[in-house]
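The following note is offered to accompany your reading of the model. Please keep the structure in view while working through the numbered points.

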Amino acid sequence: MVEKYLLLTPGPLTTSEKVKQAMDFDYCTWDDDYKKITQSFRHSLLEVAQVNEDEYTAVPIQGSGTYGVESVISSTISNKDKLLIGINGAYGKRISEMADIYGLDHVDLVVDEREPITLELVTEYLNKYPDITHFAMIHCETTTGILNPIEDIIPYVSDKGIVTIVDAMSSFGGVPINVKEEKIDYLISSSNKCIQGVPGFSFVIARKKLLESTEGISRTLSLDLYGQYAEMERNNGKWRFTSPTHVVHAFYEALEELKAEGGVTARHQRYSSNQKHLASGMEELGFKVLIDEKNQSPIITSFIYPSDDFDFNEFYQQLKSDGFVIYPGKISQVPTFRIGNIGEVYDEDITKLLVAIDEIIN
């Protein structure tokens, strides 16, 4: 049995030894030292987002990335508002499901999972529904690995006075995003993606004035984004309810490692190199990439089954025995599987993976 796997997924992902070691310390949630760690990483997240503390704040929410998205959907959109959702994968659909559960008035802009959401389509829908007040979309839709052009769409939508929500779960920290320039009001990500921490909490980069105007809207107690923000501001980083202390310390260490690597620009370059190496190597082995190169993210890549009799489960188990864990596909139109390359993954790891795959199929 392999002692340790290389996780080639969009998160959770393979973390560094230092990040793991950071969890070997038991903090008290009320302790000032612990609260300082929370305040420090909140500040660091704003630096990664390229915004300042006068205009924006970073608010962590206990739970996975979906909890963070749901905190925004359930506690910042009133019953008088109307939400437009750009959907080209499972995570866009999930936002629509949230809107249904909370009884929000919403319109779904649905695009083929293999194609990006475009400014032209968004414009068409905004013209058709002039009462839209909020717009949400996914940046990197890991259903396929497609990267949606938020830099084209979000500023246009914002200029129309519409509140903008970006699920940047698997891209923030690994793809450069200037939250202020791109006019994003709410950006959501989580601890176990490109920052390279471990699972346990999500976070929202929010425009302060807008967030402060949402007091009293929340339909839940634990997912009240304003409530969490207000408590942290009032009590110097104190979470409202029990926080994942070990995860927080690991995340602090992961942010330090991001800085040491050279920031988002350097990490994006590493991820992009990994992805290009992976895609070209897999194509040499006879696999076809699902997404057109111009829309492909550097986070995760979908590959079409090479033949009708391809057995993914057998392929998966053989790779797992070699120390690599990959992902099944998530779309219905074409049978695919996915390989991620974020986390503590380097060029030599991609080379070893390709050698292992070559041996399996040949």
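1. Where does Val-111 lie? In this predicted model, Val-111 is found in the loop that runs between strand 4 and helix 5, the latter covering residues 119-128.

2. Is Val-111 buried or exposed? Its relative accessibility is 12%, and buried means under 20%; Val-111 therefore counts as buried.

3. The surroundings of Val-111 deserve attention. Apart from neighbours within four places in sequence, Val-111 is in contact with Ile-87, Asn-88, Pro-116, Ile-117 and Leu-121. Ile-87 stands 24 residues from Val-111 along the chain, yet the C-alpha atoms of the two are separated by 6.1 Å.

4. The sheet should be considered next. As general background, the strands of a sheet pair through backbone hydrogen bonds, in either a parallel or an antiparallel manner. Here, 7 strands form an open sheet with mixed pairing, in the order 2-10-9-8-5-3-4. Strand 2 (56-62) and strand 4 (105-110) are the edge strands, each pairing on one side only. On average, and ignoring direction, neighbouring strands of this sheet are turned by 20° against each other.

5. One pairing within the sheet may be examined in detail. Strand 3, residues 82-87, and strand 5, residues 134-138, pair in the parallel sense over 3 bridges. Leu-84 has Phe-135 as its bridge partner in strand 5.

6. Which strands does helix 4 touch? Helix 4 (residues 90-101) packs on the sheet and touches strand 3, strand 4, strand 5 and strand 8 (163-167). The direction of helix 4 makes about 155° with that of strand 3.

Conventions: Residues numbered from 1 in each chain as written. Predicted model: local features only at pLDDT ≥ 70, side-chain atom pairs only at ≥ 80, totals over all residues. Heavy atoms only, no water. Pairing = 2+ DSSP bridges. Helix = DSSP H or I, 4+ residues; strand = E, 2+ residues; numbered from the N terminus. Axes fitted to C-alpha atoms, helices over the stretch in contact; angles between N-to-C directions. Contact = heavy atoms within 4.5 Å. Buried < 20%, exposed > 50% of the residue type's maximum accessible area, 1.4 Å probe, protein only.
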